[in-house]
Amino acid sequence: MASVTIRDVRKSFGSVEVVHGVFIDIEDGEFAVLVGPSGCGKSTLLRMLAGLESITAGEVLIDDRVVNMVPPKERDTAMVFQNYALYPHMKVYDNMAFSLKLRKTDQAEIDRRVQHAADILGLVPYLDRFPRQLSGGQRQRVAMGRAIVRDPQVFLFDEPLSNLDAKLRVQMRTEIKALHQRLGATTIYVTHDQIEAMTMADKIVVMQGGNVEQIGAPLELYDHPNNLFVAGFIGSPA
Ligand code: ADP
Ligand code: MG
């Protein structure tokens, strides 16, 4: 587990700034949800945390260490993507083992970690299948399994449920929360779905147009929105 501190972080693509100097503190073990309309900079921010995108200005700290220049492989973060990003030609086992092999983890340890993740996610019977032989929910579990085997200090989820149908989405929300309770790892979960934010978050960060509009517990934002945008996006209809 680890705290995450985002200190005046900016991101520009060419001459266009898309993240305008945001401050966010996430505590050890917290489940934080980053919510906001499409294009507001959620994925860009998450990718900067994972090291997949350079940081134009400001600092990202994991615990008390500035990680701006730490390459993704050496960060204690693991990301789960919207499109699962599974390797179609690899079986479930190998999809989950892949990043550990890259890190030269020894085979017995890989096996132990993959079995453990598969056990937690109910994937033991599917380890020998290819992604195309799985349902959407099962594929999403494999994507989570790939993150779990890394035993990261920080889980990063980028709209992991947006490709699933409504019923499965509700079920997976519960599964992801249960997973968080079981593993206790700090989690940053991105969504554009207000209901997902309200039901899953310990802390919600509302973004708009590259800025943070408000940070607080779900009920706090709902009852006391800072401005009309937050009110319209999250708050009570009154
Ligand atoms: P969100 O995840 O909230 O939908 P993004 O972080 O993907 O938003 O995008 C924020 C803004 O940055 C958008 O205007 C998007 O077009 C722009 N953007 C994202 N990635 C790039 C890129 N690689 N090059 C140029 N612009 C980008
Ligand atoms: Mg996005």
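**Entry 1: words I need before starting**

Two residues are in contact if their C-beta atoms, placed from the backbone, lie within 7 Å. I also note that a residue is buried if 20 or more other C-beta atoms lie within 10 Å of its own, and exposed if 12 or fewer. I keep in mind that this is a predicted model.

**Entry 2: what the record says**

I looked up the UniProt annotation first. The entry is unreviewed, and it marks residues 4–234 as "domain: ABC transporter". In the model, the end C-alpha atoms of that span lie 24 Å apart. I also noted that the span is 37% helix and 26% strand.

**Entry 3: helix 3**

I started with the length of helix 3, residues 107–121. Its 15 residues should span 21 Å at 1.5 Å a residue, and the end C-alpha atoms are 21 Å apart, so the two values agree.

Which residues of helix 3 are buried? I found Val-114, Ala-117, Ala-118 and Leu-121. These cover an arc of only 100° around the axis, which means they sit on the same side of helix 3. On the face turned away from that buried side I found the exposed residues Ala-108, Glu-109 and Asp-119.

What do the buried residues of helix 3 pack against? Their partners are helix 2 (92–102) and helix 4 (136–148). Just past the end of helix 3 comes Gly-122, with a positive phi near 70°.

**Entry 4: helix 2, from the other side**

Next I checked helix 2. Its buried residues are Val-92, Tyr-93, Asn-95, Met-96, Ala-97 and Leu-100. They pack against helix 3 and helix 4. Just after helix 2, I saw that Lys-104 takes a positive phi of about 60°.

**Entry 5: helix 1 and ligand 1**

Which residues surround ligand 1? I listed Phe-13, Val-18, Gly-36, Ser-38, Gly-39, Cys-40, Gly-41, Lys-42, Ser-43 and Thr-44. Sorting the shell by type gives 3 nonpolar, 6 polar and 1 charged. Helix 1 gives the most to this shell, with 3 residues.

Helix 1 runs over residues 42–50, and its buried residues are Lys-42, Leu-45, Leu-46, Met-48, Leu-49 and Ala-50. Lys-42 is therefore on both of my lists, as a buried residue of helix 1 and as part of the shell around ligand 1. After helix 1 comes Gly-51, whose phi is positive, near 85°.

**Entry 6: Val-19 and Pro-37**

I picked Val-19 next, which is in strand 2 (residues 16–26). Buried or exposed? It has 27 other C-beta atoms within 10 Å, so Val-19 is buried. Leaving out residues up to four places away in sequence, Val-19 touches Val-9, Arg-10, Lys-11, Gly-41, Thr-44, Leu-45 and Gly-210. Out of curiosity I also took the distance to Ala-118 in helix 3. Val-19 and Ala-118 are 99 residues apart in sequence and 37 Å apart in space, C-alpha to C-alpha.

Pro-37 is in the loop between strand 3 (31–35) and helix 1. With 12 other C-beta atoms within 10 Å, Pro-37 is exposed. I looked for its partners too: not counting residues up to four places away in sequence, Pro-37 touches His-192 and Gln-208. The C-alpha atoms of Pro-37 and Thr-191 are separated by 8.7 Å, with their places 154 residues apart along the chain.

**Entry 7: Arg-132**

Where is Arg-132? I found it in the loop between helix 3 and helix 4. Arg-132 has 9 C-beta neighbours inside 10 Å, so it counts as exposed. From Arg-132 to His-89 it is 43 residues in sequence and 9.2 Å in space, C-alpha to C-alpha.

**Entry 8: positive phi without glycine**

Asp-151 caught my eye: its phi is near 50°, a positive value in a residue other than glycine. Asp-151 is in the loop between helix 4 and strand 7 (154–158). It counts as partly exposed because it has 14 C-beta neighbours inside 10 Å.

Glu-159 is not a glycine, and yet it has a positive phi of about 45°. I found Glu-159 in the loop between strand 7 and helix 5 (166–183). How many C-beta neighbours does Glu-159 have inside 10 Å? I got 20, so Glu-159 counts as buried.

Definitions and conventions:
Residues are numbered from 1 along each chain as its sequence is written. Chains are lettered from A and ligands numbered from 1 in the order in which they are written. This is a predicted model: local features need pLDDT of at least 70, side-chain atom pairs count only at pLDDT 80 or more; totals for chains, interfaces and linings use all residues. Helices (H or I, at least four residues) and strands (E, at least two) are DSSP runs, numbered from the N terminus. The expected span of a helix is 1.5 Å times one less than its number of residues. The arc is that of the directions from the helix axis to the C-beta atoms. UniProt positions are given in the numbering used here, feature names are shortened, and annotations may be inferred rather than shown by experiment. A residue is near a molecule or strand if its C-beta atom, placed from the backbone, lies within 6 Å of it. Ala, Val, Leu, Ile, Met, Phe, Trp, Tyr, Cys and Pro count as nonpolar, Asp, Glu, Lys and Arg as charged, and the others, Gly among them, as polar.
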